[in-house]
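Colleague: I am new to this structure. Please show it to me, and then let us talk it through.

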Amino acid sequence: MLLVLFFTIPLVEIYVLIQVGGIIGVWPTVGLVVLTAVVGAALLRRQGLATLTRVQQSMDRGQLPATELVEGFFLVIGGALLLTPGFVTDVVGFACLLPGSRRVMANYLINRGVFMAQTHAQNVYTEYRGQGPRPGAGPGGDPRRPGGGQTIEGEWEREEENRPEVEPPRKDQK
């Protein structure tokens with residue numbers, strides 16, 4: 001199957017490039033191919049940063065960022081397709097980069113079970129970088145157990161170490 005795609009896609013791209021070149025001319029066709037690559041690179045950068053931010057936010061909430069990771073996969077595929085010269089691959093590449101179509105494709109693949117994610121982390125607490133107690137957290141600080149948890153109260157103070165210097169054992173003594 002991959003071998004067929006490897007030969008078919010370039011042939012289709014060459015055919016479309018020749019047809020478009022015959023209609024609008026050679027230099028406008030070349031300019032259009034370069035323009036789609038530049039626009040695609042800019043869109044890839046912007047969408048990649050947005051997806052990375054959503055991954056971080058999901059992880060901060062203690063959730064598995066499955067959809068965002070599959071969207072990241074589509075961003076990589078879309079970026080590669082947009083850098084490939086041709087109009088057919090550009091159409092598919094832009095579909096992978098646009099947020100609406102990318103989410104639809106990602107959710108479709110996740111629901112079909114093509115991409116499966118599973119978390120093995122239990123009783124793992126993430127660091128909360130906000131001010132004050134974590135929103136929705138119970139007394140133990142765990143937001144997954146509202147109203148629950150164990151709080152240990154106590155006082156402590158740091159004492160300076162007042163240990164006498166101990167000489168290390170000599171090698172000739174056993």
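Modeller: Read from start to end, the chain runs α-α-α-α-α. Here helices (H or I, at least four residues) and strands (E, at least two) are DSSP runs, numbered from the N terminus. This is a predicted model, where local features need pLDDT of at least 70, side-chain atom pairs need 80 or more, and totals for chains, interfaces and linings use all residues. Residues are numbered from 1 along each chain as its sequence is written, and side-chain values use heavy atoms, without hydrogens and water.

Colleague: How many helices and how many strands does the chain have?

Modeller: The pattern holds α elements, α-α-α-α-α. The count comes to 5 helices and 0 strands.

Colleague: What does UniProt place at residues 24-44?

Modeller: That stretch is 95% helix and 0% strand. Its end C-alpha atoms are 28 Å apart. UniProt annotations may be inferred rather than shown by experiment, feature names are shortened, and positions follow the numbering used here. The unreviewed UniProt entry gives residues 24-44 as "transmembrane region".

Colleague: Which helix gives the most to the nonpolar patch?

Modeller: The patch is Ile 23, Ile 24, Leu 32, Leu 35 and Val 39, with about 450 Å² of accessible area together. Such patches take residues with over 30% relative accessible area and no salt bridge, nonpolar side chains (Val, Leu, Ile, Met, Phe, Trp, Tyr) being joined within 5 Å. A salt bridge is a side-chain nitrogen of Lys or Arg within 4 Å of a carboxyl oxygen of Asp or Glu; areas are Shrake-Rupley values with a 1.4 Å probe, and for residues only the protein chains shown count as cover. Helix H1 (2-24) and helix H2 (26-60) each give two or more residues, and the most, 3 residues, come from H2.

Colleague: Is Ile 23 buried or exposed?

Modeller: Ile 23 lies in helix H1. Buried means under 20% relative accessible area, exposed over 50%, partly exposed in between (1.4 Å probe, protein chains only). At 70%, Ile 23 is therefore exposed.

Colleague: How many aromatic pairs are there in the whole structure?

Modeller: Rings of Phe, Tyr and Trp (its six-membered ring) pair if their centres lie within 6.5 Å; planes under 30 degrees apart are stacked, over 60 edge-to-face, the rest tilted. The search finds 2 aromatic pairs. Phe 6 and Phe 7 are edge-to-face, at 5.4 Å and 80°. Phe 73 and Phe 74 are also edge-to-face, at 5.6 Å and 65°, which completes the 2 pairs.

Colleague: Is Phe 74 buried or exposed?

Modeller: Its partner Phe 73 is partly exposed, at 37%. Phe 74 has 8% relative accessibility, so Phe 74 is buried.

Definitions and conventions:
Patch = residues over 30% accessible without salt bridge, like charges linked within 9 Å, V, L, I, M, F, W, Y side chains within 5 Å.
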